[in-house]
Amino acid sequence: MSDKKTGFRLSDGTTLDELVPGNGERSVAGRIMSDQEVYRLELERIFDKTWIFVAHESEIPEKDDFVTRYIGEDPVIVSRLKDGGFSVLLNSCSHRGPRVCMADRGTSGMFRCPYHGWVYKNTGELFAVPGEKTVYGEGLCKDQLGLKQARVDAYHGLIFATWNEAAPSLKEFLGPITVWLDVVFGLGKNGMKVAGPPHRWVLPCNWKMGADNFNTDNYHPLATHQSVAEAGALPGLDVRIETVAGRANNAIDVERGHSIASFISPTPEMPEQAYLDIGCEIAGVPRNMVQELRETLTEDQVGKLLRSSGSAGNVWPNLSWIRSPCATGEGNPSIGALTIRLWQPHGPEHMEAWSWSLLYKDAPDDVNAAERQALLRTFGPSGTFESDDAEIWINMQKAMRGVQGRKRRMIYNAQGKKNPNVEAPLEYYNGQISDDNQWHFYTTWRHAMQG
Amino acid sequence: MANIDTMKLARVARGEELYSEVHEWLDDEAALLDSYEFDEWLSRLDPAINYLMPVRETVLAKDGLGLDGGYSHFEENFGSLAFRVKHQTNANCWSENPRSRCRRMVSNVRVFVGEGGEVVAKSYLLLLRSRGDAAVPELLSCEREDTFSRGDQAQLKLANRYIAVDQATLGVSHLLTLL
């Protein structure tokens, strides 16, 4: 589709091709990281149109529990309803627009606007308008003045929402990458829970920098994470590029933009029947769950669990995860842990990072405590790994707002060799470092920005 | 801050010797951390230290202080603090090389003695952190609740620190900085 047809043209005449080319040249203009006009279009064409992660269901376990979140820059209330389902409501009074809920979390079946006292149920319904007859005479059509409701659905406890009535179902949106999500988020009959509320912190850089890195950049650990490697945070792990390349496995949905990059490959010293034990050990799946998994997982899933035991990935556009063994100093166990990460956009040059620790509901308390501690010391604002990533993204941002910086290209031309045995739209790249995952994040971006 | 119930503690008045000893300890600690003298700082910790900074949430008044959600920015022991020091003093730690310029402003110090004789201090901390060429420093404010033990020379050793941060969304690009 030409840019003319889709109407994508920035006010200075710049076309989409000049930002992310459609001709096979794998480069991205620095401008998309710092431009206000591009950012407004992203809010309209990406965040307002696609499924966005809003909460983990364990954050709102009981009836009327709620948390407040954002879809793009629009505030929403995510509630647990009486029937066990969820609602996602625009957190803005239908009358004049203030947020009707000011807390990050709580328990309430009703939300009362502080301005004129309109009261809404957590289903969105407008329940009461003070002095309705006195002020409005014949009264209001209250059934048309509820809080705007988003579509909502969940996969393995991850709750997503979208305003887009025409969007495909969540399952269709996630697509075939779910075979990998199943062995990251779907293990054990009782599933996962958050350790507690998310870390939230502001990074002065564009939201795409986080998504790009987690998509995943298997090339960066050697330089970026040299300090943690030298301090001994990666016991037994070798970050030399040749070694990382040999272990890396990438899977991408090139149409939907989701991807996973794993850091573990089976080696001859890993007997096939031991994959499950080794995978669980690396991933932080507690020992008491292994027998259940042995009985319920297919052979293919066992292989995928091993490969993804150390992995990172991104669900388009801005939900990432990483599962990794973490070592945090003398007297502390080296243990696997899982975090999910939301790159919350907040203007072209800022984002809020939100980071949750995910734990197995069936794990013993001491295992969960060890995973929680290992994770927060490694990933999150005080995390030894994460701080070095963030510093680099901030420095990218500083170099992408000038005239040269907006014009310059970020290059993604490390092209991998596709595994020919995998069916489209999935592509697999085994045993190599390539930019394919990250590049397809931008081809998905290009497609979405066409509107 | 309600981690330790001060009603059960005996207040130590400003001007008393113990008050000065604790206040000077806190001032010295801030100077050590601001000047990246971490080995000396570690030597002033009780090897059994617990160091905790919960995530702050914004909650309705009836729901408390928003500090009991279960996840933390710091949940540390001596080994993990020593590891953090090793990491951030590594020349390849890009987030601290070039180093931040930190001012830990300690104030509102109150000192108490518990029923078992343990020394407790509550203090406010305002961190001003200047990084790179940014004209405006990053800010973080918190209240700290410290419990001290005594070392073999009867010197104060930090045995427990509870940090109640004010920001639900941290305004710092990283929190390697110890508080």
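These questions and answers ask how features of the predicted model earn their names.

Visitor: What makes B:E75 and A:R372 a salt bridge?
Guide: Their side chains meet at 2.6 Å, N to O. The cut-off is 4 Å, between a side-chain nitrogen of Lys or Arg and a carboxyl oxygen of Asp or Glu. The pair is a Glu and an Arg, and 2.6 Å is within 4 Å, so the name applies.

Visitor: How many salt bridges are counted between chain B and chain A?
Guide: The count is six. The rule for polar contacts finds 27 residue pairs across this interface, both partners at pLDDT 80 or more.

Visitor: Which elements of chain B give two or more residues to the side that touches chain A?
Guide: They are β3 (72-76) and α3 (78-88) of chain B. The most comes from α3(B), with six residues. By class, that side of chain B has 13 nonpolar, 16 polar and 10 charged residues.

Visitor: How many residues does each chain bring to the contact?
Guide: Chain B brings 39 residues and chain A brings 49. Between them the chains bury about 3,500 Å². Carbon and sulfur atoms account for 51% of that area.

Visitor: Why is the space of about 380 Å³ called a cavity?
Guide: A cavity is a set of grid points where a 1.4 Å probe fits but cannot get out, and the search applies that test, so an enclosed space takes this name. The search of the whole structure finds four cavities of 30 Å³ or more. The largest has a volume of about 380 Å³.

Visitor: What lines the largest cavity?
Guide: The lining has 23 residues. Nearest the centre lie A:P221, A:F263, A:I322, A:S324 and A:F385. At least two lining residues come from each of α7 (207-214), α10 (241-247), β17 (319-326) and α15 (384-398) of chain A. By class, the lining has 13 nonpolar, six polar and four charged residues.

Visitor: How do you know that the second largest cavity is lined by residues of chain A and chain B?
Guide: A lining residue has an atom within 4 Å of a cavity point, so the list of such residues settles the matter. From chain A the list holds A:R69, A:D104, A:P197, A:P198, A:R200 and A:W354. From chain B it holds B:V55, B:R56, B:E57 and B:A168. By class, this lining has five nonpolar, no polar and five charged residues. The space comes to about 70 Å³.

Visitor: Where are the cis peptide bonds before A:P425 and B:P98?
Guide: One joins A:A424 and A:P425, with omega about 5°. A:P425 is in the loop between β20 (409-411) and β21 (426-430) of chain A. Another joins B:N97 and B:P98, with omega about 10°. B:P98 is in the loop between α3 and β4 (101-113) of chain B.

Visitor: What is the phi of A:D64?
Guide: Phi is near 75°, a positive value in a residue other than glycine. A:D64 sits in the loop between β2 (52-56) and β3 (65-71) of chain A.

Visitor: What makes the approach of A:R45 to A:M449 a polar contact?
Guide: A polar atom of the A:R45 side chain lies 2.6 Å from the backbone oxygen of A:M449. The limit is 3.5 Å, so 2.6 Å falls within it. A:R45 belongs to helix α3 (residues 36-47) of chain A. Beyond neighbours within four places in sequence, A:R45 is in contact with A:F8, A:A448, A:M449, A:Q450 and A:G451.

Notes:
Residues numbered from 1 in each chain as written. Chains lettered and ligands numbered in written order. Heavy atoms only, no water. Contact = heavy atoms within 4.5 Å. Buried area = accessible area lost by both parts, 1.4 Å probe. Polar contact = N/O pair within 3.5 Å; in protein donor to acceptor, adjacent residues only side chain to side chain. Helix = DSSP H or I, 4+ residues; strand = E, 2+ residues; numbered from the N terminus. Nonpolar A, V, L, I, M, F, W, Y, C, P; charged D, E, K, R; others polar. 1 Å grid on protein atoms, 1.4 Å probe; cavity = no way out; pocket = protein on both sides within 12 Å on 5 of 7 lines; lining within 4 Å. Points joined across faces, edges and corners; volume = space filled by probe spheres on them.
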